[in-house]
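Me: I have a model on my screen and some terms to pin down. Please walk me through what justifies each one.

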Amino acid sequence: MEPIELARKAVESLEDKKGEDILLMDVQQISPIGMYYVIASGTSERTIRALMNSVVGDLKADVNKPKLEGKAEDGWLLADYGSVVVHVFSKAQREYYRLEELWADAKVLLHVQ
């Protein structure tokens, strides 16, 4: 599966589970890590965990198991698929890390609010 297809499938999975403020960014020209970043917010620990479980479950047939980092209770989970990195944050942690600002030069391919 092409990286952009994988990223779009992650976005669809997050949408299906009611992820909030979903962003798909093309970081190929500005980051040595990955090609696409998918960022979403969840409203609680349980939601953050459910969002990430949905992404990992929906993508497992298409790619190898991702490297997982973070803890839902800390308000942040990450799934690294190599070419695609999926971040799921609590609203507070997303505001704290401000990845959208850090990668402001990236091309935004999709923004679902």
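**Helices, sheet and core**

Reply: Start with the helix pair in this predicted model. The axes of H1 and H2 come within 9 Å of each other and cross at roughly 135°.

Me: Why is H1 called oblique to H2?

Reply: Roughly antiparallel needs an angle over 145 degrees, and roughly perpendicular covers 65 to 115. The crossing angle is roughly 135°. That value fits neither class, so H1 is oblique to H2. The crossing is right-handed.

Me: Which residues make the contact between H1 and H2?

Reply: H1 brings Leu6, Lys9, Ala10, Ser13 and Leu14. H2 brings Leu51, Ser54, Val55, Asp58 and Leu59.

Me: What makes S3 and S6 edge strands?

Reply: The open sheet has six strands in the order S3-S4-S5-S2-S1-S6. S3 (67-71) and S6 (107-112) each have a single partner strand, so one side of each has no neighbour in the sheet. From one strand to the next, the twist averages 10°.

Me: How do you know that S2 and S5 pair?

Reply: Pairing takes at least two bridges, and S2 and S5 have seven, so they pair. The two strands run parallel. Isoleucine 39 stands opposite histidine 87 in S5.

Me: What makes S4 and S5 a pair?

Reply: Five bridges join them, against a minimum of two, so they also count as paired. These strands run antiparallel, with aspartate 80 opposite valine 85. They form a hairpin with three residues between them. Glycine 82, in the turn, has a positive phi of about 90°.

Me: Why is S5 called mostly covered?

Reply: Buried means under 20% relative accessible area, and seven of its seven residues are buried, so S5 earns the description. Val84, Val86, Val88 and Ser90 point one way, while Val85, His87 and Phe89 point the other way. In a regular strand, side chains alternate between the two faces of the sheet.

Me: What makes a group of residues a nonpolar core here?

Reply: Its members are buried residues of listed types, such as Val, Leu and Tyr, joined through side-chain atoms within 4.5 Å. The largest such core has 22 residues. Leu14, Val55 and Tyr81 are among those with the most contacts inside it. Helices H1 (3-16) and H2 (45-59) are among the elements that give two or more residues to this core. A second, separate core has eleven residues, including Met25 and Tyr37.

Me: How do the helices lie against the sheet?

Reply: H1 packs on the sheet and touches S1, S2, S5 and S6. Its direction makes about 5° with that of S2, and under 35 degrees counts as roughly parallel, so H1 is roughly parallel to S2. H2 lies across S2, S3, S4 and S5. Its angle to S5 is about 165°, over the 145 cut-off, so H2 is roughly antiparallel to S5.

Note on methods. Residues are numbered from 1 along each chain as its sequence is written. This is a predicted model: local features need pLDDT of at least 70, side-chain atom pairs count only at pLDDT 80 or more; totals for chains, interfaces and linings use all residues. Side-chain values use heavy atoms; hydrogens and water are left out. Buried means under 20% relative accessible area, exposed over 50%, partly exposed in between (1.4 Å probe, protein chains only). Helices (H or I, at least four residues) and strands (E, at least two) are DSSP runs, numbered from the N terminus. Axes are lines fitted to C-alpha atoms, for helices over the stretch in contact, and angles run from 0 to 180 degrees between N-to-C directions. A crossing is left-handed if the near helix is turned anticlockwise from the far one by less than a right angle, and right-handed if clockwise. Contact means heavy atoms within 4.5 Å.
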